Amino acid sequence: MSQPVPAFASALITERAISGLGREAHRAADALAEQIPSTQACDLALLFFTPSLGSAIGEIASRLEALLRPRLMLGCVGEGVIAGSHEIEREPALALFTAQLPGARLVPFCLQAGHSSDWASLNSS
């Protein structure tokens with residue numbers, strides 16, 4: 001009997017696609033989710049977005065959570081996002097990474113940057 005294997009997917013929508021969706025944030029989430037194969041439940045979803053998406057990101061994340069039903073979903077804002085072979089900087093973009101991780105235990109945590117006079121550090125919470 002074969003063991004289940006991990007499966008990964010990524011999706012990206014850029015400024016042109018976001019502009020075409022208008023002000024309906026759920027349409028951005030739908031456009032991302034359509035790029036993800038839905039053969040199995042998603043265990044992990046990572047959403048990366050640029051700051052220009054502002055308050056719409058909450059609605060987008062909620063819609064993706066409803067569509068993909070991941071066991072764990074995390075988000076991160078950044079000046080640029082990467083998906084596949086594409087890197088988008090300084091313009092509106094959303095990138096989604098999903099993973100099917102059979103048997104994996106997923107535990108979220110937060111890292112906060114810190115520093116002393118001698119070095120930088122990361123502190124978990």
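This report walks through the fold of one protein chain, from its overall layout down to a few single residues.

The model is predicted, so local features are reported at pLDDT of at least 70 and side-chain atom pairs at pLDDT 80 or more, while totals for chains, interfaces and linings use all residues. Residues are numbered from 1 along each chain as its sequence is written, and side-chain values use heavy atoms, with hydrogens and water left out.

## The overall layout

Let's start with the big picture. The protein chain has three helices and eight strands. Helices (H or I, at least four residues) and strands (E, at least two) are DSSP runs, numbered from the N terminus. Walk along the sequence and you meet them in the pattern β-α-α-β-α-β-β-β-β-β-β.

How much of the chain is buried? Of the 125 residues in the protein chain, 35% are buried. Buried here means under 20% relative accessible area, exposed means over 50%, and partly exposed is in between (1.4 Å probe, protein chains only).

## The four-stranded sheet

Four strands form an open sheet, in the order β1-β6-β2-β3, with mixed pairing. Two strands pair if DSSP finds at least two bridges between them. At the edges sit β1 (7–14) and β3 (72–77), each of which pairs on one side only. Neighbouring strands of this sheet are turned by 15° against each other on average, direction ignored. Axes here are lines fitted to C-alpha atoms (for helices, over the stretch in contact), and angles run from 0 to 180 degrees between N-to-C directions.

You can see the mixed pairing by looking at β2. Strand β2 (residues 44–49) pairs with strand β6 (residues 93–100) in the antiparallel sense, over six bridges. With β3, β2 pairs in the parallel sense, over six bridges. Residue F48 is a handy place to look at both sides: F48 stands opposite A95 in β6, and in β3 its bridge partner is C76.

## Helix α3 and its crossover

How do you get from β2 to β3? β2, α3 and β3 make a right-handed β-α-β unit. Right-handed means that, with the strands pointing away from the viewer, the path from the first strand over the helix to the second runs clockwise.

Helix α3 (residues 56–68) lets you try a quick check: at 1.5 Å a residue its 13 residues should span 18 Å, and its end C-alpha atoms are indeed 18 Å apart. The expected span is 1.5 Å times one less than the number of residues.

Which residues of α3 are buried? They are I57, I60, L64 and L68. Seen down the axis of α3, these buried residues fall within an arc of 60°, so they line one face of the helix. The arc is that of the directions from the helix axis to the C-beta atoms.

## A stacked pair of rings

Rings of Phe, Tyr and Trp (its six-membered ring) pair if their centres lie within 6.5 Å; planes under 30 degrees apart count as stacked, over 60 as edge-to-face and the rest as tilted. By this rule there is one aromatic pair. The rings of F8 and F97 have centres 5.9 Å apart and planes at 20°, so the pair is stacked. This pair links distant parts of the chain, with F8 in strand β1 and F97 in strand β6, 89 residues apart.

## The β4–β5 hairpin

Along strand β4 (residues 80–83) the side chains alternate: V81 and A83 point to one face and are buried, whereas G80 and I82 point to the other and are not. Four bridges join β4 to β5, and the two run antiparallel. A83 has H86 as its bridge partner in β5. This hairpin has two residues between the strands, and G84 takes a positive phi near 60°.

## Some residues to find

R69 lies in the loop between α3 and β3, and its phi is positive, near 50°, in a residue other than glycine. R90 sits in the loop between β5 (86–89) and β6; it is not a glycine either, yet has a positive phi of about 55°. F109 is in the loop between β6 and β7 (111–115). The C-alpha atoms of F109 and L74 are separated by 9.8 Å, though these residues are 35 residues apart along the chain.

Here is the accessibility of several residues from the text.

| Residue | Relative accessible area | Class |
|---|---|---|
| F8 | 53% | exposed |
| F97 | 29% | partly exposed |
| R69 | 66% | exposed |
| R90 | 71% | exposed |
| F109 | 57% | exposed |
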